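Student: I've got a model open and I'd like to understand the labels people put on it. Can we go through them together?

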Amino acid sequence: NSSLASAILSMHLAATTLGLAFQWVSATAGSFMEPQLKNMLCIPEPLRIYYMVVVGYPLTFPRPKYLRKLEDIVHWEKYDKAKLRSDEQIKRFIIKLRRT
């Protein structure tokens, strides 16, 4: 299964690079979902569904994510205690990001 996970990660990265939307669909191998998917997609009985992904062109694009400056997060030679943030500081930071 880890080989499949790595393959899906590579597909996800490739699709994103091409401007495509990519979504892993969970619970496809379960005893409830797999027979329904096999029937809907005409997949013969000896074959198994391990993972399923959806790839396509997105209707909308997410806002660019906020990235902190590298100098704020990279530590050289040793841990820089001045860069340490408390849980409360992190919560305030996230709340502030969500408001913008």
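**Reading the labels**

Tutor: Sure, and keep in mind that this is a predicted model. Let's start at the largest pocket, where H4 gives the most to the lining, with five residues.

Student: Which helices each supply at least two residues of that lining?

Tutor: Helix H3 (70–73) and helix H4 (87–99). The space in the largest pocket is about 220 Å³, and its lining includes Asp72, His75, Arg92 and Phe93.

Student: What makes up that lining, by class?

Tutor: Five charged residues, four nonpolar and two polar. Asp, Glu, Lys and Arg are what count as charged, and the lining residues include Arg68, Asp72, Lys83, Arg85 and Arg92.

Student: Why is His75 called partly exposed?

Tutor: Its relative accessibility is 31%. Buried means under 20% and exposed means over 50%, so a value in between is partly exposed. As for where His75 sits, look in the loop between H3 and H4. From Phe32, His75 is 43 residues away in sequence and 49 Å away in space, C-alpha to C-alpha.

Student: Now the aromatics. How many aromatic pairs are there?

Tutor: The count comes to one aromatic pair. The partners are Trp24 and Tyr51, with ring centres 6.3 Å apart and planes at 55°.

Student: Why is that pair called tilted?

Tutor: Rings pair if their centres lie within 6.5 Å, and planes under 30 degrees apart would be stacked, over 60 edge-to-face. With centres 6.3 Å apart and planes at 55°, Trp24 and Tyr51 pair up, and the pair is therefore tilted.

Student: What does the pair tie together?

Tutor: Parts that are 27 residues apart in sequence. Trp24 is in strand S1 (residues 21–25), while Tyr51 is in the loop between helix H2 (33–41) and strand S2 (52–56). Trp24 is partly exposed at 43% relative accessibility, and Tyr51 is partly exposed too, at 31%.

Student: How do you know that Arg48 lies over the face of Tyr50?

Tutor: Arg48 is at 5.3 Å from the ring centre of Tyr50. The distance cut-off is 6 Å, and the charge must also be within 35 degrees of the ring normal. Arg48 is listed as lying over the face.

Student: Last one: how do you know that the length of helix H1 agrees with what it should span?

Tutor: H1 (residues 2–17) has 16 residues, and the expected span is 1.5 Å times one less than that number. That gives 22 Å, and the end C-alpha atoms are 23 Å apart, so the two agree. After H1 comes Gly19, with a positive phi near 80°.

How values were computed:
Residues are numbered from 1 along each chain as its sequence is written. This is a predicted model: local features need pLDDT of at least 70, side-chain atom pairs count only at pLDDT 80 or more; totals for chains, interfaces and linings use all residues. Side-chain values use heavy atoms; hydrogens and water are left out. Rings of Phe, Tyr and Trp (its six-membered ring) pair if their centres lie within 6.5 Å; planes under 30 degrees apart count as stacked, over 60 as edge-to-face and the rest as tilted. Helices (H or I, at least four residues) and strands (E, at least two) are DSSP runs, numbered from the N terminus. Buried means under 20% relative accessible area, exposed over 50%, partly exposed in between (1.4 Å probe, protein chains only). On a 1 Å grid over the protein atoms alone, a cavity is a set of points where a 1.4 Å probe fits but cannot get out, and a pocket is an open set with protein on both sides within 12 Å along at least five of seven lines; lining residues have an atom within 4 Å of a point. Grid points are joined across faces, edges and corners, and a volume is the space filled by probe spheres set on the points.
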